[in-house]
Amino acid sequence: ALRWVPWVCAYTGARVNEITQLRAEDVTKQGNIWTIHITPEAGSTKSGLPRTVAVHSHLIEQGFPAIAEGKSGPSFYDPSLHRGGAEAHPQNKKVGEFLARWVRAEAGVTDPNIWPNHGWRHRFKTQSRLVRMDIEVRDYIQGHATKTEAAEYGYFPPEVTQREIELLPRYQVDGA
């Protein structure tokens, strides 16, 4: 989770818990495009609807698809460690909380007005505006509600989300 969740959030603007709930079977290749399937079958989505989003080539080059190779089930937590807590606090949510604590402790983000995990959504929106990403596709990638009834028609093939995600510049991180 420490390795991949921030990267996937940076390139998709997805909610952290939507990524921490990813299962190996949600990372697939459709034709020649690697995708992640964010689905309520794995856990909650704000809209209750699934969406399939292309994986940015930078993540593929770093080896992200390997989290799914020969595996099934959750990618970022071990379900055998579940201690029977409340349904309102699933394991994937605990992983997201751990990541937020880690960012505050290790990266030194101490401002209480900054939500470390949610910040990726804001950054994605800003970056997508800078590269003039198609608004409908941007909102679909992030799982935001459509603005019009017309936007509900049709679907977003992986080729469409790939084209738009690839507009985002690669993140350059020292030591990455």
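## A buried salt bridge

Glu18 is buried, with a relative accessible area of 2%. In this predicted model, the side chain of Glu18 meets the side chain of Arg15 in a salt bridge, with N and O 3.0 Å apart. Arg15 is buried as well, because its relative accessible area of 17% falls under the 20% limit for that class.

The pair is one entry in a longer list: a search of the whole structure finds 10 salt bridges. Two others are described next.

## Salt bridges between distant parts of the chain

Arg23 and Glu41 meet through their side chains in a salt bridge of 3.9 Å, N to O. This pair links distant parts of the chain, 18 residues apart. Arg23 is in the loop between helix 2 (16–20) and strand 1 (27–30), while Glu41 is in the loop between strand 2 (33–38) and strand 3 (51–54). Is each partner buried or exposed? Arg23 is buried, at 17% relative accessible area, whereas Glu41 counts as exposed, at 66%.

Another salt bridge is formed by Glu61 and Arg170, whose closest N and O atoms are 2.6 Å apart. Glu61 belongs to helix 3 (residues 57–62) and Arg170 to the segment after helix 7 (158–165), so this salt bridge ties together parts that are 109 residues apart in sequence. Glu61 is exposed, with a relative accessible area of 57%, and Arg170 is partly exposed, with 35%. Elsewhere, salt bridges that share partners join Arg23, Glu25, Asp26 and Glu41 into one network.

## Helix 5 and its cover

Helix 5 covers residues 119–130, which makes 12 residues. From its first C-alpha to its last, helix 5 reaches 17 Å, close to the 16 Å expected at 1.5 Å a residue.

Which residues of helix 5 are buried? They are Arg121, Phe124, Lys125, Gln127 and Ser128. An α-helix has 3.6 residues a turn, so residues three or four places apart point the same way. What covers the buried residues of helix 5 includes helix 1 (5–12) and helix 6 (135–142).

## Lys125 and Arg138

Lys125 lies in helix 5 and counts as buried, at 12% relative accessibility. What does Lys125 touch, not counting residues up to four places away in sequence? The list is Arg138, Asp139, Gln142 and His144. With Gln142 there is also a polar contact from side chain to side chain, at 3.0 Å.

Arg138 has its place in helix 6. At 8% relative accessibility, Arg138 counts as buried. Residues up to four places away in sequence are again left out; Arg138 then touches Phe124, Lys125, Ser128, Arg129 and Met133. Of these, Phe124, Lys125 and Ser128 appear among the buried residues of helix 5.

## The loop after helix 5

Helix 5 is followed by Arg132, which lies in the loop between helix 5 and helix 6. Arg132 counts as exposed, with 75% relative accessibility.

What is the sign of the phi of Arg132? It is positive, about 60°, although Arg132 is not a glycine. Most residues other than glycine have a negative phi.

## A nonpolar patch on the surface

Leu2, Phe98 and Trp102 form a nonpolar patch on the surface. Together these residues have about 260 Å² of accessible area.

Trp102 is found in helix 4 (residues 91–106). The relative accessibility of Trp102 is 32%, and Trp102 therefore counts as partly exposed.

## Gln162 in helix 7

Gln162 is found in helix 7 and is partly exposed, with a relative accessible area of 28%. Leaving aside neighbours within four places in sequence, Gln162 is in contact with Ile33 and Ala54.

How far is the C-alpha atom of Gln162 from that of Ile36? The separation is 11 Å, although the two residues are 126 residues apart along the chain.

Definitions and conventions
Residues are numbered from 1 along each chain as its sequence is written. This is a predicted model: local features need pLDDT of at least 70, side-chain atom pairs count only at pLDDT 80 or more; totals for chains, interfaces and linings use all residues. Side-chain values use heavy atoms; hydrogens and water are left out. Helices (H or I, at least four residues) and strands (E, at least two) are DSSP runs, numbered from the N terminus. The expected span of a helix is 1.5 Å times one less than its number of residues. Buried means under 20% relative accessible area, exposed over 50%, partly exposed in between (1.4 Å probe, protein chains only). Contact means heavy atoms within 4.5 Å. A salt bridge is a side-chain nitrogen of Lys or Arg within 4 Å of a carboxyl oxygen of Asp or Glu. Patches are made of residues with over 30% relative accessible area and no salt bridge: like charges are joined within 9 Å, nonpolar side chains (Val, Leu, Ile, Met, Phe, Trp, Tyr) within 5 Å. Accessible areas come from the Shrake-Rupley method with a 1.4 Å probe; for residues, only the protein chains shown count as cover. A polar contact is a pair of N or O atoms within 3.5 Å; within protein, one must be able to donate a hydrogen and the other to accept it, and residues adjacent in sequence count only if both atoms are side-chain atoms.
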